[in-house]
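Reader: I am new to reading protein models and should like to learn how terms are justified. May I put some questions to you?

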Amino acid sequence: MNHTIVFATNNKHKIEEVQLLLGDRFNLISLSSLGHMEDIPENQTTLEGNALEKARFISHAYKVECFADDTGLEIDALHGEPGVYSARYAGPDKDSMANMRKVLEKLKGVRNRKARFRTVIALVWKGSEYLFEGTVEGSLIESPRGTMGFGYDPIFIPDGCQETFAEMKLSDKNLISHRARATQKLVAFLLSTR
Ligand code: IMP
């Protein structure tokens, strides 16, 4: 029998990515399918703290098994910035283009372009809490390339690749992405508990 589990997000890119990885073993429910339209609190200073805060909030409010994720782009030359502040790096309206412009501005003339995406997934499952982490190492180019994906994808080239995440098919990004790696750990855990 399939398990139903809530992914505490309304980002359709993420739902699509994670549903592909889960296959038909779990029915993934988004926040809008649950009827929750408001933002969830995200007041912590770490990815782990924010992911847990979101998963606990929805699990408690709707009495459901739930997981939530939080992702940051960590740039070595900027001492890990924007990190947990990735969504609102250039201001409160979560503008991806403005966020990328700010990163590129700060990296002008900087030779060390190393960065990673890091995802933390927090799961509230049968009364206990679990954390899963996934990272992908890469480097940042000087101007955006590609139209797929979202967020900082057009300026990030994963190590060992020639294309940015925004130039790759979703199925290729899913083989190596930070969220895919964290999700694979989540899926392995969920399958082991059945
Ligand atoms: P969130 O907290 O997981 O929504 O992610 C925070 C920020 O990181 C958002 O501004 C996203 O645009 C960015 N982000 C998250 N995942 C990705 C990704 O897979 N590629 C590019 N940017 C991402």
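**Reasoning from values to terms**

Author: Let us begin with the ligand: one of its oxygen atoms is 2.6 Å from an N or O atom in the side chain of aspartate 70. Please keep in mind that this is a predicted model.

Reader: What makes the pair formed by the ligand and the side chain of aspartate 70 a polar contact?

Author: A polar contact is a pair of N or O atoms within 3.5 Å. The distance to the side chain of aspartate 70 is 2.6 Å, so this pair qualifies. Histidine 178 also takes part through its side chain, with an N or O atom 3.0 Å from an oxygen atom of the ligand. For tyrosine 152 a backbone N or O atom is involved, and it lies 3.1 Å from a nitrogen atom of the ligand.

Reader: Which residues surround the ligand, and of what kinds are they?

Author: There are 13 residues around the ligand, and the closest are Lys14, Asp70, Asp153, Lys173 and Arg179. By kind, the shell holds five charged, four polar and four nonpolar residues. Strand S3 (66–75) and helix H6 (178–192) each contribute at least two residues to this shell. The ligand sits in the largest pocket.

Reader: Why is threonine 164 called buried?

Author: The term buried applies under 20% relative accessible area. Threonine 164 has 0% relative accessibility, and therefore it counts as buried. Threonine 164 is found in the loop between strand S7 (156–158) and helix H5 (170–176). A polar atom of its side chain lies 2.7 Å from the backbone oxygen of arginine 145.

Reader: Why is arginine 118 called buried, although its relative accessible area is 15%?

Author: The value of 15% is under the cut-off of 20%, so arginine 118 is buried. Arginine 118 belongs to strand S5 (residues 114–125). Its side chain makes a polar contact with the side chain of glutamate 74, at 3.0 Å.

Reader: What makes lysine 169 exposed?

Author: Exposed means over 50% relative accessible area. Lysine 169 reaches 52%, and therefore it counts as exposed. Lysine 169 lies in the loop between S7 and H5. From C-alpha to C-alpha, lysine 169 and arginine 88 are 26 Å apart in space, and they are 81 residues apart in sequence.

Reader: How do you know which term suits isoleucine 176?

Author: Isoleucine 176, in helix H5, has a relative accessible area of 21%. This value falls between the cut-offs of 20% and 50%, so isoleucine 176 is called partly exposed.

Reader: Is lysine 94 exposed or partly exposed, and what is notable about its phi?

Author: Lysine 94 has a relative accessible area of 43%, which is not over 50%, so it is partly exposed. Its phi is near 50 degrees, a positive value in a residue other than glycine. Lysine 94 lies in the loop between S4 and helix H4 (96–106).

Reader: Why is lysine 126 called exposed?

Author: Lysine 126 has 55% relative accessibility, which is over 50%, and therefore it counts as exposed. Lysine 126 lies in the loop between S5 and strand S6 (128–140). Its phi, too, is near 50 degrees and positive in a residue other than glycine.

Reader: Which form does the peptide bond from glutamate 81 to proline 82 take?

Author: That bond is cis, with omega near -5 degrees. Proline 82 lies in strand S4 (residues 82–83).

Conventions:
Residues numbered from 1 in each chain as written. Predicted model: local features only at pLDDT ≥ 70, side-chain atom pairs only at ≥ 80, totals over all residues. Heavy atoms only, no water. Near = heavy atom within 4 Å. Polar contact = N/O pair within 3.5 Å; in protein donor to acceptor, adjacent residues only side chain to side chain. 1 Å grid on protein atoms, 1.4 Å probe; cavity = no way out; pocket = protein on both sides within 12 Å on 5 of 7 lines; lining within 4 Å. Sits in = over half its atoms within 2 Å of the grid points. Helix = DSSP H or I, 4+ residues; strand = E, 2+ residues; numbered from the N terminus. Nonpolar A, V, L, I, M, F, W, Y, C, P; charged D, E, K, R; others polar. Buried < 20%, exposed > 50% of the residue type's maximum accessible area, 1.4 Å probe, protein only.
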